[in-house]
Amino acid sequence: MDLATLAVFRAVAREESITRAAELLGRVPSNVTTRIQQLEAEIGVALFARETRRMVLTSEGKTYLDYAERILNLAEEARQQINPEGPGGTLRIGSMESTVASRLPSLLATFNRDWPEVAIELSTVPTRQLVDAVQAHRIDCALIAIAVDDGWSALDALETVPVFREELVLLMPKGHRAVRAPADVERKALAAFAPGCTYRMLAEEWLMGGSPARSRLKIQEVGSYHAMFACTAAGACVSVMPKSVADTLSHLGSVEAHGLMTVDTHLAFRPGFATPAFLEWRKRLLAASNIEPSASA
């Protein structure tokens with residue numbers, strides 16, 4: 001087993017196809033097939049279940065992929081660390097959906113313009129999954145929301161730097177009465193992302209007024225802020241999101257907004273992680289920060 005074989009395995013796992021993986025890697029399909037067969041023979045288990053049109057990871061293959069990702073990412077990190085002439089290689093950035101939508105487009109565009117040698121891999125999942133991915137070396141850094149008094153011990157293993165301050169707003173259907181307290185909210189259904197989203201946690205806590213009886217609050221899980229906003233505008237539920245995101249979605253309909261709280265978005269990374277590409281990315285995030293230096297000290 002070598003890094004090249006692991007890269008072949010990862011490509012097939014991602015593409016679920018020998019042919020597409022071969023095209024991606026610039027290899028002939030027979031070479032990719034041979035590499036996978038040799039790897040499975042070496043390990044002694046089947047990593048893929050061969051179906052008619054695709055290659056599907058077995059349970060053992062899923063476990064092996066997690067280790068392969070870590071090994072390949074660590075090898076890339078090591079290469080960049082010992083050759084610090086300038087940003088290059090791959091930078092794996094994780095982020096909340098809201099930050100990608102409202103904060104990152106121009107930053108990513110200018111970074112790519114100035115450092116085309118850096119290949120950026122961007123992934124979006126809720127905060128808790130992002131933290132797990134940074135710790136497991138699946139990604140290099142992440143933009144996450146940290147709530148005050150969250151008591152989340154997993155963050156003790158990471159370094160964090162505040163970069164953006166967001167105002168969270170409660171969105172309600174047009175014509176909803178004024179809201180001064182959770183009891184004023186007429187609909188007890190919340191459109192939100194899957195568990196692990198800090199904004200969802202804060203919304204649940206606020207709507208239930210600190211009560212543990214959350215069974216009274218119905219959660220409608222959605223996959224995007226567009227869906228969240230549209231469900232709210234249609235009158236089906238309420239939702240909570242950063243005002244910076246809500247402002248970009250006003251074309252989807254009319255809603256009432258009530259300010260709830262401010263939450264900081266932090267850049268999270270492993271202690272000691274300092275590749276040239278990451279340091280440049282961190283510098284640009286801090287330059288674009290809307291948090292006063294005294295507030296982030």
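The crossing of helices α6 and α11 is right-handed, a term that applies when the near helix is turned clockwise from the far one by less than a right angle, anticlockwise being left-handed. This is a predicted model, in which local features need pLDDT of at least 70 and side-chain atom pairs count only at pLDDT 80 or more, while totals for chains, interfaces and linings use all residues. Residues are numbered from 1 along each chain as its sequence is written, and side-chain values use heavy atoms, with hydrogens and water left out.

Two packed helices are described by the angle between their axes and the distance between the axes. Helix α6 (residues 105–114) packs against helix α11 (residues 276–287) at an angle of about 140°, and their axes are 11 Å apart. Therefore α6 is oblique to α11 (under 35 degrees is roughly parallel, over 145 roughly antiparallel, 65 to 115 roughly perpendicular, and the rest oblique). Axes are lines fitted to C-alpha atoms, for helices over the stretch in contact, and angles run from 0 to 180 degrees between N-to-C directions. Helices are DSSP runs of H or I with at least four residues, and strands are runs of E with at least two.

From α6, L107, L108, T110, F111 and D114 meet A277, E280, W281, R284 and L285 of α11; contact means heavy atoms within 4.5 Å. The residues of this contact comprise six nonpolar, one polar and three charged.

The largest nonpolar core, a set of buried Ala, Val, Leu, Ile, Met, Phe, Trp, Tyr and Cys residues joined through side-chain atoms within 4.5 Å, has 50 residues. I144, L170, Y199, L207, Y225 and M241 have the most contacts inside this core. Helix α8 (residues 198–207) gives the most to the core, with six residues.

Not counting residues up to four places away in sequence, L207 touches L170, P182, V185, K188, L190, L217 and V238. L202 is found in helix α8 and is buried, with a relative accessible area of 9% (buried is under 20%, exposed over 50%, partly exposed in between, with a 1.4 Å probe and protein chains only). Leaving aside neighbours within four places in sequence, L202 is in contact with A147, L168, M261 and V263. The C-alpha atoms of L202 and V240 are separated by 8.8 Å, although these residues are 38 residues apart along the chain.

Two loop residues other than glycine have positive phi values.

| Residue | Phi | Loop |
|---|---|---|
| E16 | near 55° | between α1 (3–15) and α2 (18–25) |
| H137 | near 65° | between α7 (127–135) and β5 (141–146) |

E16 is partly exposed, with a relative accessible area of 26%. H137 also counts as partly exposed, at 21% relative accessibility.

Definitions and conventions
Nonpolar A, V, L, I, M, F, W, Y, C, P; charged D, E, K, R; others polar.
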